[in-house]
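Please look through the sequence and the model below before reading on. The report that follows takes up the chain as a whole, then a sheet, a helix and a strand.

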Amino acid sequence: MIGSTQLQCEAREIVNKSHRKQLRDSGLVPGVVYGLGRENAHISLDERTLLKLFREHGSRGILSLQLANGEPAMVLIREVQRHPISGKILHIDFLRIRMDEKLTSMVPIFVHGEEEIAKKGGVLQVGIKEVELECLPADLPDSLHADVSDLDIGDTITLSDIEIPDRVELLSEFDSMVATVLLPTMEEEEVEEVDEDEMDEDAEGIEEEGEGEEEETEE
């Protein structure tokens with residue numbers, strides 16, 4: 001998704017919780033663009049367009065964002081806040097970037113081959129789901145992949161077993177567990193009810209900041 005996708009957005013003049021709820025009810029997602037020492041840009045985006053983008057490319061990566069004033073901006077999807085029960089997108093953060101400066105970003109790990117584990121009578125326990133990478137924007141992968149189909153009960157794979165692309169530095173711990181195969185056990189988990197208004201508090205903190213976070217880059 002490196003720069004090949006252009007996303008349209010609209011400016012938001014009103015920045016408060018009730019207005020963000022109105023946007024969501026009308027099929028829009030509130031967001032903010034920050035970084036590179038520029039003033040925060042409060043925006044809204046079409047939810048269906050975002051969901052289509054995530055299905056095709058994942059919810060991490062770099063794209064060209066067409067701001068309301070006509071200014072195109074290369075941005076990194078820094079954070080997507082979702083409701084923990086419904087999965088509805090509540091808020092999205094974009095970080096302005098320069099293509100000639102290294103950045104750090106969290107990238108998802110996708111695990112494949114779970115069906116083979118089930119055939120062997122095992123249960124797959126997944127560990128970390130994201131890793132921190134550092135590289136130039138053009139070298140940033142959309143995701144990493146782990147094949148667990150050859151694992152037996154008792155086997156474990158860590159980040160040291162995952163292929164990292166050239167020119168990309170892994171910042172997460174190499175011995176972090178990605179997946180392990182266990183004997184089946186009976187477990188019950190309680191589902192905690194979550195208030196969407198409480199989830200919105202984190203987004204409100206970002207919305208009301210005068211200065212956006214800036215990415216640390218190498219000299």
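## The chain as a whole

Of the 219 residues of the chain, 44% count as buried, in what is a predicted model. The secondary structure of the chain comprises four helices and 14 strands. Among the contacts in the chain with a separation of 6 or more, 69% are made by residues that lie 24 or more positions apart. About 12500 Å² of the chain is exposed, and carbon and sulfur atoms supply 46% of that area.

## The seven-stranded sheet

Seven strands form an open sheet with mixed pairing, in the order E1-E5-E6-E7-E3-E4-E2. Strand E1 (6-8) and strand E2 (10-11) stand at its edges, and each has a single partner strand, so one side of each is left without a neighbour in the sheet.

Within this sheet, strand E5 (residues 62-66) pairs with strand E6 (residues 72-82) over five bridges, in the antiparallel sense; here serine 64 of the one strand stands opposite methionine 74 in E6. Helix H1 packs on the sheet, where it touches strand E3 (28-35), strand E4 (38-46) and strand E7 (89-96), and the direction of H1 makes about 125° with that of E3.

## Helix H1 and its two sides

Which residues of helix H1 are buried? In this helix, which spans residues 17-25, they are His19, Arg20, Leu23 and Arg24. Viewed down the axis of H1, these buried residues fall within an arc of 145°, so they line one face of the helix.

Gln22 and Asp25, on the other side of H1, are exposed, and for a residue to count as exposed its relative accessible area must be over 50%, whereas buried means under 20%. After the helix comes glycine 27, whose phi is positive, near 85°.

## Strand E8 and its partners

Strand E8 (residues 103-112) has seven of its ten residues buried, so this strand is largely enclosed by the rest of the structure. Strands of a sheet pair through backbone hydrogen bonds, and they may do so either parallel or antiparallel.

With strand E10 (residues 130-135), E8 runs antiparallel, and six bridges join the two; the bridge partner of valine 107 in E10 is valine 131. With strand E11 (residues 144-147), by contrast, E8 runs parallel, and four bridges join these strands; in this pairing isoleucine 109 stands opposite leucine 144 in E11.

How values were computed. Residues are numbered from 1 along each chain as its sequence is written. This is a predicted model: local features need pLDDT of at least 70, side-chain atom pairs count only at pLDDT 80 or more; totals for chains, interfaces and linings use all residues. Side-chain values use heavy atoms; hydrogens and water are left out. Buried means under 20% relative accessible area, exposed over 50%, partly exposed in between (1.4 Å probe, protein chains only). The arc is that of the directions from the helix axis to the C-beta atoms. Two strands pair if DSSP finds at least two bridges between them. Contact means heavy atoms within 4.5 Å. Accessible areas come from the Shrake-Rupley method with a 1.4 Å probe; for residues, only the protein chains shown count as cover. Axes are lines fitted to C-alpha atoms, for helices over the stretch in contact, and angles run from 0 to 180 degrees between N-to-C directions.
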